[in-house]
Amino acid sequence: MRSAKGVTSVDDVHGQDMQTSGVSRRDVIKGAGATALGLGIAGGLGAGTAGAAAPSAPKKGGSLRIGITGSAADIMDPKYIVAKADQARTLSTWETLLTFDENFATTSDYGLATEVSNKGASQYTVRLRKGVEFHNGKEMTADDVVYSYRRLLNPSIVSVGKPLRTFLDPSGVTAVDARTVRFTLKSPNVEFRSNLAVYTHGIVPEGFVLRTDADRIGTSAYKLVSFTPGRESVHTRFANHWEADKAYLDEVRIISFADKTALVNALLAKQVDVAVDIPLEQVGVLEKNKNLTVNESSAGGWDAMCMRLDIPPMTDPNVRAAMRLLVNRKQMIQQVLSGRGQVANDLYGRIDEFYNANNFPQREQDIPAALKLLAKSGYSKAKPLVVDLWAPNDTGGLPEMVNAMAAMADKTGGVVKINAKVVDGTYWDTNGQYMNTAFFTTYWSPRAYLAQAIASMDTYPETKWPPSNSTFRADHKTASGTVNPAKRKAIVARMQKEEWEKRSEEHTSELQSRFG
């Protein structure tokens with residue numbers, strides 16, 4: 001995942017995978033030993049699938065070719081990902097201590113830990129599974145887990161570990177014995193268990209340094225043979241996996257395609273067996289193909305349009321507030337997701353127990369109100385607001401979103417002109433449009449509210465929220481350490497109130513607004 005959210009139009013996004021050759025989503029999971037690869041493709045990527053009717057009793061053997069949109073910028077790092085191709089490959093090789101179940105609760109069913117106990121919200125003790133072996137033959141011990149988390153906490157290594165550093169120091173991760181690890185937090189965190197299930201928190205062997213393919217060593221049911229960015233990665237069954245009896249496939253190939261059109265064409269030509277994250281507008285047509293089966297999942301992920309509060313014209317609070325009012329969210333669901341989604345409400349974390357704790361009403365499109373705000377900043381037909389809205393061509397829904405938003409802006413009669421810009425390949429690069437432009441799109445995998453808030457502030461600060469005069473970060477720290485649910489809900493409600501209300505108020509150019 002990548003980002004901190006800004007303006008979204010949908011939450012609880014439905015993803016699709018397409019499969020051919022008689023392989024079902026269930027077989028993908030079984031074929032990967034129900035471990036990282038299977039969960040990543042069927043769940044972690046928020047994907048569905050398409051193929052012919054699956055055999056009732058899968059047999060061992062064979063190769064599965066998985067198509068996904070990627071580029072020469074593809075990476076394969078257990079601590080860091082940018083695009084969905086990176087996500088799939090990370091999940092294919094490394095496993096986490098815990099995983100998430102279908103209700104987004106943490107579980108040890110497919111994880112490397114068998115038990116997690118805690119003393120309050122400041123100390124967590126993890127008991128490791130017996131008989132776990134790395135792909136190089138080394139047995140996994142507590143020292144490997146300690147090394148993995150200390151690597152995440154190392155600020156000199158590019159990783160998604162920055163949010164962890166707000167409540168955990170390297171000295172707080174210690175080995176009690178060969179199969180027991182203790183996490184002693186420097187500040188309480190009631191959601192710490194979810195950090196043990198984050199897919200970029202995979203366990204690596206002690207001394208791990210990423211240099212070549214030979215260094216990409218994990219514990220999953222499939223070990224890496226080769227990885228060529230922009231082309232493919234090849235993975236073979238690991239005979240000594242701790243659930244080797246559930247790994248059916250001999251080989252898995254994750255193949256990158258430059259764009260969605262090439263991906264779908266490869267599927268129809270049977271060049272791949274599975275296509276991940278197919279364009280939503282094509283689902284209906286592909287469902288009619290008797291040689292394909294569509295598997296659709298509601299994974300709690302969400303797409304967003306982000307406004308950088310420090311880049312003009314989004315430095316103007318009137319502009320940001322007006323943008324929120326230009327969006328017809330229900331129409332977005334139909335145009336962008338072909339009806340396969342739910343409307344959000346300027347708030348993220350739909351899977352959270354305290355989602356929309358204040359019961360805010362849904363914001364609706366209001367063109368006259370948007371025009372009044374823009375007039376205050378001097379915009380008119382004679383002096384229109386012109387802004388580019390960027391999207392990558394590798395993530396289903398985002399290209400459609402920018403085009404839909406541009407069409408909605410046309411309803412202002414020329415006062416607002418949004419140029420929809422779709423980029424191939426380089427969008428997510430360090431110097432790409434992502435996080436470097438005033439108005440751009442992104443996507444997120446599901447997270448609870450507090451976990452999403454810290455990731456949005458520290459890992460991918462897409463919108464540069466919160467402003468310096470805000471209590472949001474302090475409230476986040478307090479809420480994370482509040483064990484009592486009712487008290488924590490009150491703090492979360494205050495945080496959501498600040499996001500929902502202040503981000504659309506017209507009181508300071510520091511404040512950012514988001515679409516929900």
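Asp346 lies in the loop between strand S16 (342–343) and helix H11 (367–376); helices (H or I, at least four residues) and strands (E, at least two) are DSSP runs, numbered from the N terminus. The model is predicted, so to speak of local features takes a pLDDT of at least 70 and side-chain atom pairs count only at pLDDT 80 or more, while totals for chains, interfaces and linings use all residues. Residues are numbered from 1 along each chain as its sequence is written, and side-chain values use heavy atoms, with hydrogens and water left out.

Back in that loop, Asp346 has a positive phi of about 60° although it is not a glycine. Asn359, placed in the loop between S16 and H11, also breaks the habit, with a positive phi of about 55° despite not being a glycine. Most residues other than glycine have a negative phi, and most peptide bonds are trans. As for surroundings, Asp346 is buried at a relative accessible area of 6%, whereas Asn359 is exposed at 64%. Here buried means under 20% relative accessible area and exposed over 50%, with partly exposed in between (1.4 Å probe, protein chains only).

Two cis peptide bonds turn up as well. One runs from Pro312 to Pro313, with omega near 5°, and Pro313 is found in the loop between strand S15 (293–307) and helix H9 (317–326). Another runs from Trp465 to Pro466, again with omega near 5°; Pro466 belongs to the loop between helix H13 (449–459) and helix H14 (472–480).

On to the rings. A search of the whole structure finds 15 aromatic pairs, where rings of Phe, Tyr and Trp (its six-membered ring) pair if their centres lie within 6.5 Å, and planes under 30 degrees apart count as stacked, over 60 as edge-to-face and the rest as tilted. Among them, Phe183 and Phe192 make a tilted pair, 5.1 Å centre to centre with 55° between the planes. Both Phe183 and Phe192 are buried. The rings of Trp465 and Phe472 have centres 5.7 Å apart and planes at 75°, so this pair is edge-to-face. Trp465 is buried at a relative accessible area of 4%, and Phe472 is buried at 0%. Ring pairs also link Tyr124, Tyr149, Phe167, Phe183 and Phe192 into a cluster.

Charges join in too. The charged end of Arg363 sits over the ring of Trp500, 3.8 Å from its centre, and that of Lys383 sits over the ring of Tyr379, 5.8 Å from its centre. The criterion is NZ of Lys or CZ of Arg within 6 Å of the ring centre and within 35 degrees of the ring normal.
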